[in-house]
Amino acid sequence: QVQLVESGGGLVQAGGSLRLSCAASGSIFSINLMSWYRQAPGKQRELVARITSSASTNYADSVKGRFTISRDNARNTLYLQMNSLKPEDTAVYYCNIAWLENTVWGQGTQVTVSS
């Protein structure tokens, strides 16, 4: 079973930046889809960004132009670079990978943006 370990969350003031990392215990070479989701208290989990094995990406409208998703197959790691952070970005961020019939979630990392 592939396991995901997230890191990089924390407290930052509005306008600042954070980089989230999601390290996989196994190779992600064959994994087609890797994604970041987020969930704020009392709200539904939402898709933030996705990247395919061919490096095709898409983003939620709310983060487009501010966030960048990337993957490093050699390091078996998924990244989310978050710039120009806003208080409404505050949430628990989750890494997700999907391949064949499998889906795996990370444990989540808290991102808090102060005004």
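Start by selecting Cys22 and Cys95: the link between them is left-handed, with -80° about the S-S bond. Keep in mind as you go that this is a predicted model. The two sulfur atoms sit 2.1 Å apart in this disulfide, and a search of the whole structure finds one such bond. Now colour the strands that hold the two cysteines. Cys22 lies in strand S3 (residues 18–24) and Cys95 in strand S9, so the disulfide ties together parts that are 73 residues apart in sequence. Switch on a surface and look for the pair: Cys22 counts as buried because its relative accessibility is 0%, and Cys95 is likewise buried, with a relative accessible area of 0%.

Stay with S9 (91–99) and bring in its neighbour, S11. The two strands run antiparallel and are joined by three bridges. To see one of the pairings, select Ala91, whose bridge partner in S11 is Val111. On to another partner of S11: strand S2 (residues 10–13) pairs with S11 in the parallel sense, over four bridges. Here, pick Val12 and look across to Val113, its bridge partner in S11.

Next, show the side chains of S11 (residues 109–114). Which of them are buried, and which are not? Thr109, Val111 and Val113 point to one face and are buried, while Gln110, Thr112 and Ser114 point to the other face and are not. In a regular strand, side chains alternate between the two faces of the sheet.

Now for the largest nonpolar core, which has 31 residues. Select Trp36, Leu80, Met82 and Tyr93, the residues that touch the most other members. Elements giving two or more residues to this core include S3, strand S4 (33–39), strand S5 (46–52) and strand S7 (67–72), along with S8, S9 and S11. S9 gives the most, with five residues. Zoom in on Met82: leaving out residues up to four places away in sequence, Met82 touches Gly16, Ser17, Leu18, Leu20, Arg66, Phe67, Tyr93 and Val111.

For the last stop, go to Asp89, in the loop between strand S8 (77–82) and strand S9. Is Asp89 buried or exposed? Asp89 has a relative accessibility of 1%, below the 20% cut-off, so Asp89 counts as buried. Show its surroundings: apart from neighbours within four places in sequence, Asp89 is in contact with Arg38, Val63, Arg66, Phe67, Ser84, Val111 and Val113. Some of these names will be familiar by now: Val111 and Val113 belong to the buried face of S11, and Arg66 and Phe67 are among the residues that Met82 touches.

Conventions. Residues numbered from 1 in each chain as written. Predicted model: local features only at pLDDT ≥ 70, side-chain atom pairs only at ≥ 80, totals over all residues. Heavy atoms only, no water. Buried < 20%, exposed > 50% of the residue type's maximum accessible area, 1.4 Å probe, protein only. Contact = heavy atoms within 4.5 Å. Disulfide = S-S within 2.5 Å. Pairing = 2+ DSSP bridges. Core = buried A, V, L, I, M, F, W, Y, C linked by side-chain atoms within 4.5 Å.
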